[in-house]
Amino acid sequence: MQLRADALESHLAKTLGRLYVVYGDEPLLAQEALARIRAAARAAGFTERNVFSVERGFDWSLLLGATQSMSLFGERQLIELRIPTGKPGKDGGDALKALAASDNPDLLTLIALPRLDAATQKTAWFTALVQAGVAIRIDTIERAQLPNWIAQRLAAQQQRLVAGDAGRRALQFIAERVEGNLLAAHQEIQKLGLLYPAGELTLEQVQDAVLNVARYDVFKLNEAMLAGDVARLARMLDGLRGEGEATVLVLWAVVEEIRALARIKRGLTAGKPLASLMRENRVWGPRERLMGPALQRVDERSLERALALAARLDRQVKGLCGGVPARVGVAPARASLPPADPWDGLFDLAMTIARPGGSDGGCRTEGGAPRGATATATAMRAIRP
């Protein structure tokens, strides 16, 4: 059966299964779920523990042999199997199905997997594991959920933020500085528990204690852009730059989102249903919730302008955007150069969606028009699927 991660504690208080599968890509939450199951297993008398990590060339017969062997002292056994790739292969799949079919009351199996795509969750081996045991999916804590998650963690150590606006600002302050780095967020929250006694925490105490340990995902940048959250957008761009992220990757991610917006906008104009257009453009999760307001905020002209700017930024990043050489005997025109920092251009590009009507930097001629093809032609080429 499938079990929510937040229901694991109450489940273990009532019963202990013989097989657990923990899968997801949030290391902190996965480690905590695994630790809770181990603790429950020890309390139930599963004192012998064998750990197997699946790597290239792993001998699955060793795992099956361990499940059939008995301890010299008759102790109940916990077998922990870690599959970092989430791909056990054919032999591994057969072994996992045999493991699921096993019915040994003195054996408890704990399997740790990364996030699994939809195809893997439909495989015979994973289906057999879910039917035979308990599967706990570890979901990522999204940015919008982070303040509540922080408040719950503080409450678990008998601390809370002051009421009112100061408390909300303190939660937002913490969330901004730990975004994308849940393990570090956990450590910062623990630090607050060490520095200050149980009870209320003020905004000043939080600001003095919490470090900036945020880690930004280039694809989460699009969520800030779609939401029109300019402050978060600026923080994320600064963070990505500080982490040494490649400018061309950030540009590609932003442009892909703008192209999706343009295709959906064109589809809506043609009378197609929004739900169908979302599926066609592979828009789901948090992006699906944000896409509707973004579509209402921008028009096709704004999207054309954004894609024209993206084309100029692409030339700049690739070193193709510079001054026009003067002809012999002709006085050179006033120099026109791209922005000194391409990250400024990336911010301008994202702002065309976050706040339509903003500036659009990039490579310009003296009169302000883009060099090369006209903006409209460039935009239409970029929009065309």
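Two strands pair if DSSP finds at least two bridges between them. Strands (E, at least two residues) and helices (H or I, at least four) are DSSP runs, numbered from the N terminus. Keep both in mind as we walk through this predicted model, where local features need pLDDT of at least 70, side-chain atom pairs count only at pLDDT 80 or more, and totals for chains, interfaces and linings use all residues. Residues are numbered from 1 along each chain as its sequence is written, and side-chain values use heavy atoms, with hydrogens and water left out.

**Whole chain**

Start with the protein chain in cartoon view: 18 helices and 8 strands make up its secondary structure. Of its 385 residues, 45% are buried, meaning under 20% relative accessible area (exposed is over 50%, partly exposed in between; 1.4 Å probe, protein chains only). Contact here means heavy atoms within 4.5 Å. Among contacts between residues at least 6 apart in sequence, 79% join residues at least 24 apart.

**The sheet**

Next, colour the open sheet of 6 strands, whose order is 1-6-2-5-4-3 with parallel pairing. At its edges you will find strand 1 (2-4) and strand 3, each pairing on one side only. On average, neighbouring strands of this sheet are turned by 20° against each other, direction ignored. Such angles are taken between lines fitted to C-alpha atoms (for helices, over the stretch in contact) and run from 0 to 180 degrees between N-to-C directions.

**Strand 2**

Now select residues 19-24. How many residues of strand 2 are buried? The count is 6 of the 6, so strand 2 is largely enclosed by the rest of the structure. In a regular strand the side chains alternate between the two faces of the sheet. Here Leu19, Val21 and Tyr23 lie on one side, Tyr20, Val22 and Gly24 on the other, and all are buried.

Add the partners of strand 2:

- Strand 5 (residues 107-113) pairs with strand 2 in the parallel sense over 5 bridges; look for Val22 opposite Ala112.
- Strand 6 (residues 134-138) also runs parallel to strand 2, joined by 5 bridges. Val21 has Ala135 as its bridge partner there, and Tyr23 has Arg137.

**Phe52**

Move to strand 3 (residues 48-53) and show Phe52 as sticks. Phe52 counts as buried because its relative accessibility is 15%. Leaving aside neighbours within four places in sequence, Phe52 is in contact with Phe58, Leu62, Leu63, Ala66, Ile79, Glu80, Leu81 and Arg82. Try a distance label from Phe52 to Arg82: their C-alpha atoms are 6.2 Å apart, although 30 residues separate them along the chain.

**Helix 4 and helix 6**

Finish with helix 4, which lies across strand 2, strand 4 (77-82) and strand 5, running at about 140° to strand 5. Then show residues 89-101 and 124-132 together: the axes of helix 4 and helix 6 come within 8 Å and cross at roughly 15°. That makes helix 4 roughly parallel to helix 6, a label for angles under 35 degrees (over 145 is roughly antiparallel, 65 to 115 roughly perpendicular, the rest oblique). Their crossing is left-handed: the near helix is turned anticlockwise from the far one by less than a right angle.

For the side chains, select Gly93, Leu96, Lys97 and Ala100 in helix 4, which meet Ala124, Trp125, Ala128, Leu129 and Ala132 in helix 6.
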